[in-house]
Amino acid sequence: MPAQEVQHPLPETIADLATVSRVEISENGTVVLAGEFGAEENDGDEVKREARLAPSAGNGEGEAEIELDAADRTRQELEIEVEDLTARTTYQVLVDGQMAGTITTDVRGRASLELSRPTAQ
């Protein structure tokens, strides 16, 4: 588990997480990790979609997971975990080409980010 977990609101520029398809981790405009979200898995309480983040070049790996409340799909969460990247480096997280946030790796090259959209008011 990454040492630093950062939680932030999901930016308004990010579409409904039920419909997004791709997540990328980039450094200065160069994609270092990327993955496509798979089909929905529904356990009754929660709907999940997962993406394995594979390196474009070099090292690193990661996972991205979307969680939707099955009863209220406006409650959405995106979790990103990366490892084996360059230590103490800031990376951009893009969802379908839109900036979602940044992560900074620890001394071991690990980081995580949690973005959420609470239920609509």
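Partly exposed means a relative accessible area between the buried limit, under 20%, and the exposed limit, over 50%. Keep that in mind for the views below, which all come from a predicted model.

**View 1. Glu40 sits in a loop between two strands.** Here we zoom in on Glu40, found in the loop that runs between strand E3 (30-36) and strand E4 (41-42). Is Glu40 buried, exposed or partly exposed? Its relative accessibility is 40%, so Glu40 counts as partly exposed. Look for Ile66 too: it is 26 residues away from Glu40 in sequence, yet the two C-alpha atoms are 9.3 Å apart in space.

**View 2. Glu40 has company from other parts of the sequence.** Which residues does Glu40 touch, leaving out those up to four places away in sequence? The list is Ala18, Val47, Lys48, Arg49, Leu68 and Arg73. Arg73 deserves a second look, since its side chain and that of Glu40 are joined by a polar contact of 2.6 Å.

**View 3. Arg73 and Glu40 form a salt bridge.** Side chains of opposite charge can pair when their charged atoms come close. In this view, the Arg73 and Glu40 side chains meet in a salt bridge, with 2.6 Å from N to O. This pair links distant parts of the chain, 33 residues apart: Arg73 belongs to the loop between strand E6 (61-69) and strand E7 (76-83), while Glu40 belongs to the loop between E3 and E4. Arg73 has a relative accessible area of 35%, so it is partly exposed, and Glu40, at 40%, is partly exposed as well.

**View 4. Lys48 pairs up with Glu46.** The side chains of these two residues, Lys48 and Glu46, make a salt bridge at 3.8 Å, N to O. How exposed are the partners? Lys48 is partly exposed at a relative accessible area of 27%, and Glu46 is partly exposed at 25%.

**View 5. Glu63 and Arg52 tie two strands together.** A salt bridge of 2.9 Å, N to O, brings the side chains of Glu63 and Arg52 together. Glu63 is in strand E6 and Arg52 is in strand E5 (residues 46-55), so the pair ties together parts that are 11 residues apart in sequence. Glu63 is partly exposed, with a relative accessible area of 42%; Arg52 reaches 57%, so it counts as exposed.

**View 6. Arg22, Glu24 and Glu36 share a network.** These three residues, Arg22, Glu24 and Glu36, are joined into one network by salt bridges that share partners. How many salt bridges are there by the rule used here? The count comes to seven.

Key: Residues numbered from 1 in each chain as written. Predicted model: local features only at pLDDT ≥ 70, side-chain atom pairs only at ≥ 80, totals over all residues. Heavy atoms only, no water. Helix = DSSP H or I, 4+ residues; strand = E, 2+ residues; numbered from the N terminus. Buried < 20%, exposed > 50% of the residue type's maximum accessible area, 1.4 Å probe, protein only. Contact = heavy atoms within 4.5 Å. Polar contact = N/O pair within 3.5 Å; in protein donor to acceptor, adjacent residues only side chain to side chain. Salt bridge = Lys/Arg side-chain N within 4 Å of Asp/Glu carboxyl O.
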